[in-house]
Amino acid sequence: MAGGVTAPALVAAVSNAGALGTLGAGYMSPEQMKEAIREIKSLTDKPFAVNLFVPEARVDIEDVREPIQTQLASIRRRLRIAEEQGAGGSESGFDYDAYRQSFAEQVSVVVQAKVPVFSFTFGVPSPEMIHLLKREGIVLIGTATHVKEAQMLESAGVDIIVAQGSEAGGHRGTFHGDCEDSLVGTIALVPLIADHVSVPVIAAGGIMDGRGMAAAMALGAQGVQLGTAFLACEESGAHEAYKAAVLSCDECSTSVTRTFSGKPARGIVNGFIRQLQPHAEHVPPYPIMNQLTRDIRQAAARQSNPEYLSLWAGQAARLSRRTTAADVVEKVVDRWQEVVQQMK
């Protein structure tokens, strides 16, 4: 939930309500992270987490193919984006070394700020980095989309594993094998991972209320991770057009697409996805495509145009409510307790 959705107010509100708020800091600079963490600490004395993206491996590809450039150019014209603000015609200028160095600097902020919990996705940090974090007493949470990934995370020393089911909104955390082969539903994934690792498992994907929490824990999870449930909250940093789209969608509104970022992610289908999907085979990988579409997403936000925003959301988004983060947490726990009592 990077990109401003997990505003400090939302993170603090979730933690103050008794859950673990998480700052999605994947796209933040180290300085932006420091400021956000300071603000969170000013709003809560409870534990919270920071989530980052493990850098992708370097990819060697040709210049972005013409079909993608053509489609992006037409969208820029539609949004009246000045030509000089375009993302350019080639990914050759992308600095992978700076990209990887930025991650190291972000992790340094986590350590220096004494953030109690560090979660990550898209891979496994280096053994040296994991050793540093554990030496500082920071709890590590990694993301897995199938059993092999969970076992790799456990072997690396991760303390807790998020089992990300295919229903989950946002980017897929797959880092071993093809994403298309790792779209395992939460109800199947949680017991599989729970049976193959000895560390605690957190269920994620399609969980919006206490019923989902009860089901996940019955399947072997020790906790649940909710994302979409907080998108429309008062404290959420999501754009109002994004919130409106989430509140008006249904269970058939989302799909997994590479069109926005080059990495498979589940979001609400809109004009951008419909226009780019026929050319999906030409979409360059993450983070190249993510860089190429940044100006389009920013322009769409300025214009409150949801057709060109990345509207990441899970399959159960229809259960979203416009409320407060504290209300979401309270109702999840209350409903969970009711369900557990009913099952006795």
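**Exercise 1. Identify the β-α-β unit that contains helix 8, and describe the pairing of its strands.**

Solution. Strand 7, helix 8 (residues 210-218) and strand 8 form a β-α-β unit that is right-handed; a crossover has this hand if, with the strands pointing away from the viewer, the path from the first strand over the helix to the second runs clockwise. Helices (H or I, at least four residues) and strands (E, at least two) are DSSP runs, numbered from the N terminus.

The model is predicted: local features need pLDDT of at least 70, side-chain atom pairs count only at pLDDT 80 or more, and totals for chains, interfaces and linings use all residues. Residues are numbered from 1 along each chain as its sequence is written, and side-chain values use heavy atoms, with hydrogens and water left out.

Step 1. Strand 7 and strand 8 (residues 223-225) run parallel and are joined by three bridges; two strands pair if DSSP finds at least two bridges between them. Within this pairing, Ala-204 is opposite Gln-225 of strand 8.

Step 2. Strand 7 also runs parallel to strand 5 (residues 160-164), with four bridges between them. Here Ala-204 of strand 7 has Gln-164 opposite.

Step 3. The side chains of strand 7 (residues 201-204) alternate: Val-201 and Ala-203 point one way, Ile-202 and Ala-204 the other way, and all are buried. Buried means under 20% relative accessible area, exposed over 50%, and partly exposed in between (1.4 Å probe, protein chains only).

**Exercise 2. Determine how many residues of strand 2 are buried, and which strands pair with strand 2.**

Solution. Step 1. Strand 2 (residues 48-53) is mostly covered, with six of its six residues buried. Phe-48, Val-50 and Leu-52 point one way, while Ala-49, Asn-51 and Phe-53 point the other way.

Step 2. Strand 1 (residues 21-24) pairs with strand 2 in the parallel sense over four bridges. Gly-21 is opposite Phe-48 of strand 2. The chain passes from strand 1 through helix 2 (residues 30-43) to strand 2 in a right-handed β-α-β crossover.

Step 3. Strand 2 also runs parallel to strand 3 (residues 117-121), joined by five bridges. In this pairing Phe-53 has Thr-121 of strand 3 opposite.

**Exercise 3. State the strand order of the open sheet that contains strand 10, and name its edge strands.**

Solution. Step 1. Three strands form this open sheet in the order 6-10-9, and the pairing is antiparallel. Strand 6 (170-171) and strand 9 (254-257) are the edge strands, since each pairs on one side only.

Step 2. Strand 9 and strand 10 (residues 265-268) run antiparallel and are joined by four bridges. Thr-257 has Ala-265 of strand 10 as its bridge partner.

**Exercise 4. Characterise the second largest pocket by its volume and its lining.**

Solution. Step 1. The second largest pocket holds about 340 Å³ of space. On a 1 Å grid over the protein atoms alone, a pocket is an open set of points where a 1.4 Å probe fits, with protein on both sides within 12 Å along at least five of seven lines, whereas a cavity is a set from which the probe cannot get out; lining residues have an atom within 4 Å of a point. Grid points are joined across faces, edges and corners, and the volume is the space filled by probe spheres set on the points.

Step 2. The lining comprises 16 residues, of which Gly-26, Tyr-27, Tyr-99, Ser-102 and Arg-294 lie nearest the centre. The elements giving two or more residues are helix 4 (96-112) and helix 11 (288-292). Helix 4 gives the most, with four residues.

Step 3. By class, the lining has nine nonpolar, six polar and one charged residues. Ala, Val, Leu, Ile, Met, Phe, Trp, Tyr, Cys and Pro count as nonpolar, Asp, Glu, Lys and Arg as charged, and the others, Gly among them, as polar.

**Exercise 5. Explain why Cys-233 forms no bond with Cys-249.**

Solution. Step 1. A disulfide is a pair of cysteine sulfur atoms within 2.5 Å. The closest cysteine sulfur to that of Cys-233 is in Cys-249, 15 Å away, and therefore too far for a bond.

Step 2. The count by this rule comes to zero disulfides. Cys-233 is buried, with a relative accessible area of 0%, and Cys-179 also counts as buried, at 11%.

**Exercise 6. Classify Leu-292 and Pro-306 as buried, partly exposed or exposed.**

Solution. Step 1. Leu-292, in helix 11, counts as buried because its relative accessibility is 1%.

Step 2. Pro-306, in the loop between helix 12 (294-302) and helix 13 (325-343), is partly exposed because its relative accessible area is 27%.
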